[in-house]
Amino acid sequence: MLKILKNILITKRQSDFFDKTFRFFQKKYPSGEDAWGLHLKNARKNMEIVYPIYKNYFKVRLFGKENVKDRPYVVISNHTGQIAIDGMLIATAFATEIKPPRILRAMVERFFTKLPFLNTWAAEGGAVLGDRQNCLNLLKRGESVLVFPEGVKGVAKSTSDYYQLQNFTRGFFRIALQTKTPILPIAVIGAEETFPWVYQAKSLAKMLKLPALPLSLNYFPLPSPIDIHIGQEFSLPEEVSEDATDEVIDQYINQIKNQISQMTQKGLKKRRPFFANTNQEKQ
């Protein structure tokens, strides 16, 4: 009986917390919606489903909260886990553990916007088609965007390539320069292990015109403990414009990539065992 009552109290506490958080969001989005598909009422309902997964299934730990200031960011992260659970978990962390909370506008691939149900569900929570104009418009409105500069190649990796960063695109850096928005690097650890054995059938995927074709022992993510590490913001060089040559831009992108790589290696040393029973309250 006490255990049941405790669970009820925890649920009530979480519900009160979500109410407070979404009242805060309501001030930023008075109509509760925007032109990109954000829908606060539905996002609130979806959060009730996602948060227990975040907290109890993946047992997410968030490090580096002190590095997030009350300002817009271009948030960039390594891309891991075969499917976009990393984006969902990062967005949940920023909505529930960062003060003040914020709705990260995740930039998604075009093919994702064509997936039934998932496209609407993601858009209601803040996800946006990741084209240049959408990103620029959101940053100019004071939003923070989440970008995975590795693209599909980041998640479409075989087991032997786990935690190896793929080439970064340049667009996020040029947009950050144009809008003068600082870059916030993130390293996600543990999402690769949700699919512990994967072989990417690249030739077959190309023949079938698919972005990736993973052959895996499991097709539902396993409950690997996941850590999200937020690094120190990358200050933009004042002397460089968004029209700089690729060679100039690449120098800075390599610095950011190296920063995330170093964060990843440090994070791997702190990685919990797969069957860890570590609660967030014990961080």
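**Exercise 1. The sheet**

In what order do the seven strands of the open sheet lie, and which strands are at the edges?

*Solution.* A word before we start: the structure above is a predicted model.

Step 1. Trace the strands across the sheet: the order is β1-β9-β6-β2-β5-β3-β4. The pairing in this open sheet is mixed.

Step 2. Look for strands that pair on one side only. These are β1 and β4 (128–129), the edge strands.

**Exercise 2. Neighbours of β9**

Find the strands that pair with β9, and say in which sense each pair runs.

*Solution.* Step 1. Start with β1 (residues 61–63): β1 and β9 are parallel and share three bridges. Here Arg61 stands opposite Asp227 of β9.

Step 2. Move on to β6 (residues 183–189). This strand and β9 are antiparallel, with four bridges between them. Asp227 turns up again, as the bridge partner of Ile189.

Step 3. Now check the side chains of β9 (residues 227–230). In a regular strand, side chains alternate between the two faces of the sheet. In β9, Asp227 and His229 point one way, while Ile228 and Ile230 point the other way. All four are buried.

**Exercise 3. Neighbours of β2**

Describe how β2 pairs with β5 and β6, and decide whether the faces of β2 are covered.

*Solution.* Step 1. Strand β2 (residues 74–77) runs parallel to β5 (residues 145–147), with three bridges. Across this pair, Ile76 stands opposite Val147.

Step 2. β2 is also parallel to β6, and four bridges join them. Val74 has Ile183 of β6 as its bridge partner.

Step 3. Sort the residues of β2 by side: Val74 and Ile76 are on one, Val75 and Ser77 on the other. All of them are buried, and both faces are covered.

**Exercise 4. Helix α3 and the largest core**

Work out how much of α3 is buried and what α3 gives to the largest nonpolar core.

*Solution.* Step 1. Begin with the helix itself. α3 (residues 85–96) has twelve residues and spans 16 Å from first to last C-alpha, close to the 16 Å expected.

Step 2. Ten of the twelve residues are buried, which makes α3 mostly covered. Among them are Leu89, Ile90, Ala93 and Phe94.

Step 3. Turn to the core. In soluble globular proteins, nonpolar side chains tend to be buried together. The largest nonpolar core here has 39 residues, and Val75, Ile90, Phe94, Ile186, Ile228 and Ile230 touch the most other members. Elements giving two or more residues to this core are α1 (2–28), α2 (40–57), α3, β3 (105–108), β6 and β9. The most come from α3, with six residues.

Step 4. Take Ile230 as an example. Leaving aside neighbours within four places in sequence, its contacts include Leu62, Val68, Phe94, Ile186 and Met263. A second, separate core has 27 residues, including Ile76, Phe172, Leu177 and Val240.

**Exercise 5. Two helices that cross**

What is the angle between the axes of α7 and α9, and which residues meet?

*Solution.* Step 1. The axes of α7 (residues 171–179) and α9 (residues 246–269) come within 10 Å and cross at roughly 100°.

Step 2. Name the orientation. Angles of 65 to 115 degrees count as roughly perpendicular. α7 and α9 are therefore roughly perpendicular to each other.

Step 3. List the meeting residues: Phe172, Phe173, Arg174 and Leu177 from α7, with Asp246, Ile249, Tyr252, Ile253 and Ile256 from α9.

Step 4. See how covered α7 is: seven of its nine residues are buried. The cover includes β2, α5 (132–140), β5, β6 and α9. Just after the helix, Lys180 takes a positive phi of about 55°.

**Exercise 6. Two single residues**

Are Phe173 and Ser224 buried or exposed?

*Solution.* Step 1. Recall the cut-off: buried means under 20% relative accessible area.

Step 2. Phe173, in helix α7, has 0% relative accessibility, so Phe173 counts as buried. Beyond neighbours within four places in sequence, Phe173 is in contact with residues including Ile183, Phe234, Leu236 and Pro237.

Step 3. Ser224 sits in the loop between β8 (214–216) and β9. With a relative accessible area of 3%, Ser224 is buried too. Not counting residues up to four places away in sequence, Ser224 touches Phe58, Gly190, Glu193, Thr194 and Phe274.

Definitions and conventions. Residues are numbered from 1 along each chain as its sequence is written. This is a predicted model: local features need pLDDT of at least 70, side-chain atom pairs count only at pLDDT 80 or more; totals for chains, interfaces and linings use all residues. Side-chain values use heavy atoms; hydrogens and water are left out. The expected span of a helix is 1.5 Å times one less than its number of residues. Buried means under 20% relative accessible area, exposed over 50%, partly exposed in between (1.4 Å probe, protein chains only). Two strands pair if DSSP finds at least two bridges between them. A nonpolar core is a set of buried Ala, Val, Leu, Ile, Met, Phe, Trp, Tyr and Cys residues joined through side-chain atoms within 4.5 Å. Contact means heavy atoms within 4.5 Å. Axes are lines fitted to C-alpha atoms, for helices over the stretch in contact, and angles run from 0 to 180 degrees between N-to-C directions. Angles under 35 degrees count as roughly parallel, over 145 as roughly antiparallel, 65 to 115 as roughly perpendicular and the rest as oblique.
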